[in-house]
Amino acid sequence: MNSINIAGRVIEEPLKSQSSNGLNIAKFKIAVDKTSKDGGFDVFEITVFKELSDLKLDIGQFVGVTGRLVSNNYEKEDKKYYNSTIIGNAISLLGC
């Protein structure tokens with residue numbers, strides 16, 4: 001099973017685009033507070049499609065995201081790079 005639920009604050013305006021077959025896409029990042037005693041936060045990249053990409057999200061807005069985690073890896077200049085992103089299938093606008 002690949003399922004993830006996180007809640008955090010939007011830290012950048014969504015970057016909206018459209019795929020070559022007309023699918024609407026939006027990418028944005030959220031900061032999720034760490035629960036360790038040192039505090040801080042983790043940043044996650046979120047990608048959403050279709051009607052979710054039309055949501056108006058403001059910087060600082062608190063949101064909940066449900067989706068799945070995907071890993072991407074690629075090679076550039078003989079170096080291997082890895083990253084993960086969350087493909088969101090539901091976004092809740094939270095009031096905190």
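Strands here are DSSP runs of E at least two residues long, and helices are runs of H or I of at least four, both numbered from the N terminus. With that settled, K50 can be placed in the loop between strand 4 and strand 5. Keep in mind that this is a predicted model, in which local features need pLDDT of at least 70, side-chain atom pairs count only at pLDDT 80 or more, and totals for chains, interfaces and linings use all residues. Residues are numbered from 1 along each chain as its sequence is written, and side-chain values use heavy atoms, with hydrogens and water left out.

Let's start at strand 1, which covers residues 4–10 and runs antiparallel to strand 5, residues 62–76, with six bridges joining them. Strands are said to pair if DSSP finds at least two bridges between them. To find this pairing on screen, go to G8 and look across to V63, its bridge partner in strand 5. Strand 1 also pairs with strand 3 (residues 24–33), again in the antiparallel sense, over two bridges. Here V10 is the residue to click on, as V10 stands opposite I30 in strand 3.

I30 is a handy stepping stone, since I30 also has a bridge partner in strand 4, namely F44. Strand 3 and strand 4 are antiparallel and share nine bridges. Strand 3 pairs with strand 2 (residues 15–18) too, through four antiparallel bridges, and S17 has I25 as its bridge partner there. Strands 2 and 3 make a hairpin with five residues between them, and G22 in that turn has a positive phi of about 90°.

Now for the other hairpin. Strand 5 and strand 6 (residues 79–93) pair antiparallel over 14 bridges, and R68 stands opposite I87 of strand 6. Two residues separate these strands, and E77 sits in the turn. E77 has a positive phi of about 50° even though it is not a glycine. As background, most residues other than glycine have a negative phi. E77 counts as exposed because its relative accessibility is 73%; the cut-offs are under 20% relative accessible area for buried, over 50% for exposed and in between for partly exposed, using a 1.4 Å probe and protein chains only.

K50 likewise is a residue other than glycine, with a positive phi of about 55°. K50 is exposed, because its relative accessible area is 52%.

For a buried spot, go to T47, which is found in strand 4. T47 counts as buried because its relative accessible area is 5%. T47 touches I25, A26 and K27 as well as T85, I86, I87 and G88, leaving aside residues up to four places away in sequence. Contact here means heavy atoms within 4.5 Å. Two of these names have come up already: I25 as the partner of S17, and I87 as the residue opposite R68.

Next, the aromatics. The structure holds one aromatic pair. The rings of Y74 and Y81 have centres 5.3 Å apart and planes at 15°, so they are stacked. Rings of Phe, Tyr and Trp (its six-membered ring) pair if their centres lie within 6.5 Å, with planes under 30 degrees apart called stacked, over 60 edge-to-face and the rest tilted. Y74 is partly exposed because its relative accessibility is 43%, and Y81 is partly exposed at 32%.

On the surface, I11, F41 and V43 form a nonpolar patch with about 260 Å² of accessible area together. Patches take residues with over 30% relative accessible area and no salt bridge, joining like charges within 9 Å and nonpolar side chains (Val, Leu, Ile, Met, Phe, Trp, Tyr) within 5 Å. The areas come from the Shrake-Rupley method with a 1.4 Å probe, and for residues only the protein chains shown count as cover. F41 lies in strand 4, residues 41–49, and is partly exposed because its relative accessible area is 49%.

Finally, there are two salt bridges, each being a side-chain nitrogen of Lys or Arg within 4 Å of a carboxyl oxygen of Asp or Glu. K34 meets D42 at 3.7 Å, N to O. K34 is partly exposed at 39% relative accessibility, and D42 is partly exposed at 34%. K56 meets D58 at 2.6 Å, N to O. In that pair, D58 is partly exposed at 35% relative accessibility, whereas K56 is exposed at 59%.
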